[in-house]
Amino acid sequence: MKTAGLLTALRFGDSAFPGGGFAFSQGLEGLAPLRGATPDADAVAAFLDEQISHRWGPAERVTLVRCHRAAGTGGAAADDDGADTAMDEGALDAVAALDRDLDLSTFSQTLRRGARRNGAAFLAAHLRLGTPGAGAYRGRIASGAAPGTLAAIQGLLWRRAGLDETEAAALAGYQLVAGGLTAATRLGLVGALGAQALMPVLLGRVADVVSRPVAADEEPSGFSPYAEIAAARQARLPLRLFSN
Amino acid sequence: MNAHLPPPRRPELDIAVERRDAASRLVARYVAYPFHLTRPFALDPARPEVATLYIQSSSGGFYAGEDLTLRVRVGRGAALHLTTQASTIVHGDRGQPARMRLLLEVEPGGFLAYTPDPQILFPGAACETRLEIRLQGDAEALLTEGLLLHDPARRTGGQEEARASGAPMAYSARTDIHRDGCLVFSDRQRIAGPDLARADGPLHGHRVAASALWLGQVSSATLQSWEDAATATGSLAGASLLPGGCGAGLRLLATDGAMHQRAQEAVFAHVFTERFGIAPTRRRK
């Protein structure tokens, strides 16, 4: 990773960046009712490992990478006030198609909603920062042409912000781990140091998954019934800390 | 992306059911090896419009290199329950996958329940199922699919090596839901076989993973009672509303085939009762 890319990734990966992911546990909150007991650190790590390997890796990461590629086919410096070039319109349409495909292939309603809400918060921050493409893509979401899932918008805007494909995928994987461990900490499942102790193994899994190539026509897929059941249980909790 | 399945050669099983007065009749029937089809049964006297058909295999399972296609059409106002008499063994040679493609069409007012028993994944099996359903108007459907992991580790004392050597090669099940020509949901489950067999894998110690898709109008309250019906069988189950308002889906994990069968019966009974106002007669297998 080049220094500029590293610094950009650190900037967007910083918890101070207003990306909005704090409200989501990706089903982790539903783990206790599913297990019938409070999950310990090992259970938290296993849950996140499964998310990385069997959901994010073959699904969201695929969409992110393909949107990153599609975003590069247009004018990276397109004017955000609506003066996009025709070429950029085509790129954004391609991103929107991939965005729709991820949304309509996501089984769990709470995870679909989470992906859209996370994407909206992420987009709002980049809109205010003036990241190229943010305004035009918001228009597509407003018109119903795109659902605005987080992975699609990450691929689009991190490309436009200068991250390469691997950097963008690694950053998204890092945020999945960091967000999951933050949720676990807030739920009282692990302490702050305990969360840090889980980081190396989980980030190693992210590195492994990110190294796997994404084919040009690869579609999002996965196999995570346990996490989807956990998400369904979380949605029925009478008191919830997280949106999903 | 999301293109329709290419026009297949003549399917090995190609049937059509239409409404004739109070009953649903089999009006077209082409069945070739390895399939065998029973005659239609009217198992629910109070709802004679529901025809039940059992698909059987005369080949002893589903083999690597096979590429089988089934086409089913349910006409306007007709109702069909299509199921199997037992689970299907998927044999493996650690080479080519066994492929099955299903093309289902349900016309307005029609109802189709396609509830096959799970596929039993033998060592080295690679199984690839692709189902496409086209619903018109207010047509409704219930689709289930599932895998049952053959468990050599149980016979050899649970050693991790035995698990690895007895693992299937791959499992892939894709279901595309079209309503009035638009793709509204695509369920794409894919996993490498060794991950399925791992003790710490995504089955979480269960041998059966299954899904049910209830395509129709489903309220939040009904969704919960559907999930509760499956959970009451001892299975782990979670239900969710699907994209595009196309219905609801349920994921299910069961420790063995018997538990899965109870859950599948509960899932079917719930949908049947919602649709027809009476509980179904038990489908004997």
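Select chain B first: of its 285 residues, 47% count as buried. The model is a predicted one, and the tour begins with this chain as a whole.

With chain B still selected, display the secondary structure; 5 helices and 17 strands appear. Rotate the C-alpha trace of chain B, which spans about 60 × 45 × 40 Å along its principal axes. A compact globule of 285 residues would have a radius of gyration near 19 Å, and the 18 Å of chain B therefore agrees with that expectation. Turn next to the contacts within chain B: among those between residues at least 6 apart in sequence, 75% join residues at least 24 apart.

Now show both chains and select the contact between them, to which chain B gives 28 residues and chain A gives 28 residues. On the side of chain B that touches chain A, at least two residues each come from β14 (182-192), α4 (220-231), β16 (236-241) and β17 (247-254) of chain B. Highlight β14(B), which gives the most to this side, with 9 residues. Colour the side of chain B that touches chain A by class to find 13 nonpolar, 9 polar and 6 charged residues.

Finally, select chain A and colour by pLDDT. The average for chain A is 89, and 89% of the residues score at least 70. Among the elements of chain A, the highest mean pLDDT, 97, belongs to helix α9 (residues 192-210), and the lowest, 80, to helix α2 (residues 31-35). Conclude at residues 76-83 of chain A, where pLDDT stays under 50 and the model has 16 contacts beyond four places in sequence. Where pLDDT is low, the predicted coordinates should not be read in detail.

Conventions
Residues numbered from 1 in each chain as written. Chains lettered and ligands numbered in written order. Predicted model: local features only at pLDDT ≥ 70, side-chain atom pairs only at ≥ 80, totals over all residues. Contact = placed C-beta atoms within 7 Å. Helix = DSSP H or I, 4+ residues; strand = E, 2+ residues; numbered from the N terminus. Nonpolar A, V, L, I, M, F, W, Y, C, P; charged D, E, K, R; others polar. pLDDT = per-residue confidence, 0-100. Rg over C-alpha atoms; globule rule 2.2 N^0.38 Å. Buried ≥ 20, exposed ≤ 12 C-beta atoms within 10 Å, placed from the backbone.
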